[in-house]
Amino acid sequence: MSFNTKGATPATSEPTYEVAQDFGTFFTTKKGDAYKLRLVSWNGRAPKWDIRSWGTDEDGNEVAHKGITFSDEQIAALTDLLIKVKEAE
């Protein structure tokens, strides 16, 4: 498995991340940004479940857009809720 990292310097104070595991893309925009479910370590912390769109900058580097992160407990509760919604259809 490959790991992607984005470095930040103290002067920019941009967040850093490392993709621990990529579970796949569930939607791609016309612009080419991909919505993905991943385990991501933000700023050197323990990996959390992450849902967001990812694109590329003008140099071809991966860029994280706005998204949301979940703990294990939160993603389990979300999964249960989605299953109930699907079963109710």
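I will go through the nonpolar core of this predicted model, then Ala-64, and then Ser-71.

The model is predicted, with local features needing pLDDT of at least 70 and side-chain atom pairs counting only at pLDDT 80 or more, while totals for chains, interfaces and linings use all residues. Residues are numbered from 1 along each chain as its sequence is written, and side-chain values use heavy atoms, with hydrogens and water left out.

Let me start with the core. The largest nonpolar core has 5 residues, namely Tyr-17, Val-19, Val-40, Trp-42 and Trp-54; such a core is a set of buried Ala, Val, Leu, Ile, Met, Phe, Trp, Tyr and Cys residues joined through side-chain atoms within 4.5 Å. Strands E2 (17–28) and E3 (34–42) each supply at least two residues of this core, strands being DSSP runs of E with at least two residues, and helices runs of H or I with at least four, numbered from the N terminus.

Turning to Ala-64, which lies in strand E5 (residues 62–70), we find that this residue counts as partly exposed because its relative accessibility is 25%; here buried means under 20% relative accessible area, exposed over 50%, and partly exposed in between, with a 1.4 Å probe and protein chains only. Leaving out residues up to four places away in sequence, Ala-64 is in contact (heavy atoms within 4.5 Å) with Tyr-17, Trp-42, Arg-52, Ser-53 and Trp-54. Ala-64 and Ser-53 are 11 residues apart along the chain, and their C-alpha atoms are separated by 6.5 Å.

Finally, Ser-71 sits in the loop between E5 and helix H1 (72–88), and Ser-71 is buried, its relative accessible area being 18%.
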